[in-house]
Amino acid sequence: MTQPFFTVEMLPARHGDALWIEYGDERRTRRILIDGGPLHAWPDFAARIGKLPAGDQRIELLVITHVDTDHIEGIIRLLALPRAKWPLEPMDIWFNGYRQIEAQKDLGGREGEFLSALIHRRAFDEWNRAFGRNAVVVPGKGPLPRIALPDKDGMVLTLLSPDKAKLTAMGKRWRKDVAQWELDPGDLDAAWAQLVDEAKFHPGAELTLGPEDLTAQLRAQLKGADASAANGSSIAFLAEYAGKSCLFLADAHMKTVCASIRRLLAPGQDALRVDAVKLAHHGSRNNLTPEFMQLVDAEHFLFSSNGDKFKHPDAQAVQAVIHGARRKPTLWFNYRSAFNERWEAGSQAANAAYATRYPAPGAAGITVPLLA
Ligand SMILES: [Zn+2]
């Protein structure tokens, strides 16, 4: 009798994301890594990766969702090591570089060029392997891409974001961004040369009423107003394993994600039932909409941020989850911060409408055991 497991670890990535997923059974542990946090979170990130047992450093998939520094810097630092010294061995690497974006072929912005140059030199064969080395993108029509990772009855990922329009918008921003660094987009040799000079990279009770319970005021504040091309280009997907599921939304735009979720619904089905949601953009109110809360039926809501820089999560987003969830929600935070600790009291009342989970006192990072 095999005992499957599926856990999501929100590593302490400061204001960014670094998500370590483990699944499998007693015979074998499989792993997926999504993003690497900002550079100043590198020591914690490196320490976690360093715990991989010697001789078992394979990960099925490395996803770099988009080019913003709070997601990409740790990965650049990691891949800047000579490949023989990488502490992990990815079988596939999903990242939309400039060439993929423009070909609809490497990926955006200066950090994007750095990462593209690294993957191009160190892991060309693994680059967007599941997508035939083309862009990771949701097609305009037809079924959403479904990627089955190894093993019979293994992990299945369904791509939700980005769509072509979001990649095109990112291509524009990419050209603008690299121009100020005197880089030609997609010129990986030039990016490599600049990278070499950047020394920093080296070494319960159903008390909630559902989406209709959102107040008019809250609805007015949740418009999906995030206009960032980089965020919009986020790779987001549904991960399903052994009957458990989680939406990994990176910093994606809700319109794109909702359009994809609608494509997954059977006729007559009004919501996608999943176990967990890693909320988009660290719980920004600009990346959560009533439409999303309507379309998703989940129990666990994951907030990845220590509140630095943008004071995430926004109170409006947390309220939208508490009042808009179709089931009594449990909120998971990977730090205890001035921006999230206010939610604890309300979760401890008798008949509380929601539950909260924080790291142990003095610790950072938290593991969500979807199946343990
Ligand atoms: Zn972010």
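## Salt bridges around R83

A salt bridge here is a side-chain nitrogen of Lys or Arg within 4 Å of a carboxyl oxygen of Asp or Glu. Keep that in mind for R83, which pairs with E126 in this way, with the closest N and O atoms 3.0 Å apart. R83 also forms a salt bridge with E89, and there the closest N and O atoms are 2.3 Å apart. One caution before going on: this is a predicted model.

How buried or exposed are these residues? R83 has a relative accessible area of 22%, so it is partly exposed. E89 falls in that class too, as partly exposed, at 28% relative accessibility. E126, on the other hand, counts as buried because its relative accessibility is 12%, the cut-off for buried being under 20%.

## The wider set of charged pairs

Zooming out, the structure holds 18 salt bridges. One of them joins E60 to R30, with 2.7 Å between the closest N and O atoms. E60 sits in the loop between β4 (58–59) and β5, while R30 is in strand β3, so this pair ties together parts that are 30 residues apart in sequence. As for exposure, E60 counts as buried because its relative accessibility is 2%. R30 is buried as well, at 6% relative accessibility.

There's also a network of salt bridges to look at, linking E9, E22, R31, R48 and D56.

## E22, a member of the network

E22 is worth a click if you're exploring that network. It lies in strand β2, which covers residues 19–25. With a relative accessible area of 18%, E22 is buried. Its side chain makes a polar contact of 2.9 Å with the side chain of W20.

What else does E22 touch? Setting aside neighbours within four places in sequence, E22 is in contact with F5, F6, T7, T29, R30, R31 and R48. R31 and R48 turn up in the salt-bridge network too, and R30 is the residue that pairs with E60.

## The zinc site

Now for the metal. The zinc ion is held by D70 (OD), H71 (NE2), D251 (OD) and H282 (NE2), at 2.1 to 2.2 Å. Of these ligands, D70 and H71 are both buried.

What is the geometry of the site? It is irregular, with angles of 87 to 158 degrees among the 4 donor atoms. The reasoning is simple: four donors count as tetrahedral if all angles lie between 85 and 135 degrees, and the angles at this zinc ion run up to 158 degrees. For reference, the ideal angle for four tetrahedral donors is 109.5 degrees.

## D68, a buried charge

D68 is found in the loop between β5 (61–63) and α2 (69–79). Which side chain of opposite charge is nearest to it? That is R173, 4.0 Å away, and D68 is buried yet has no salt bridge. Its side chain does make a polar contact with the side chain of H66, at 3.4 Å.

If you leave out neighbours within four places in sequence, R173 shows up among the contacts of D68, together with S228, A230 and N231.

## Helix α9 and L264

Helix α9 spans residues 254–264, and M254, T256, V257, C258, S260 and I261 are buried there. As a reminder about helices, an α-helix has 3.6 residues a turn, so residues three or four places apart point the same way. The cover over the buried residues of α9 includes strands β9 (156–161), β11 (244–248), β12 (272–273) and β14 (296–297), along with helices α5 (164–179) and α10 (290–295).

L264 belongs to α9 too, but it is partly exposed, at 28% relative accessibility. Beyond its neighbours within four places in sequence, L264 is in contact with L144, T158, L160, L238, Q269 and L272. L264 and V296 are 32 residues apart along the chain, and 11 Å separates their C-alpha atoms.

## A loop residue, L39

L39 is in the loop between β3 (28–34) and α1 (42–49). Its relative accessible area is 17%, which means that L39 is buried. How far is L39 from E26? They are 13 residues apart in sequence and 34 Å apart in space, C-alpha to C-alpha.

How values were computed. Residues numbered from 1 in each chain as written. Predicted model: local features only at pLDDT ≥ 70, side-chain atom pairs only at ≥ 80, totals over all residues. Heavy atoms only, no water. Donors = N, O, S within 2.8 Å, 3.2 Å for Na, K, Ca; no water. Tetrahedral: all angles 85-135°; square planar, octahedral: opposite > 155°, others 65-115°. Buried < 20%, exposed > 50% of the residue type's maximum accessible area, 1.4 Å probe, protein only. Helix = DSSP H or I, 4+ residues; strand = E, 2+ residues; numbered from the N terminus. Lys, Arg positive; Asp, Glu negative; His and termini not counted. Polar contact = N/O pair within 3.5 Å; in protein donor to acceptor, adjacent residues only side chain to side chain. Contact = heavy atoms within 4.5 Å.
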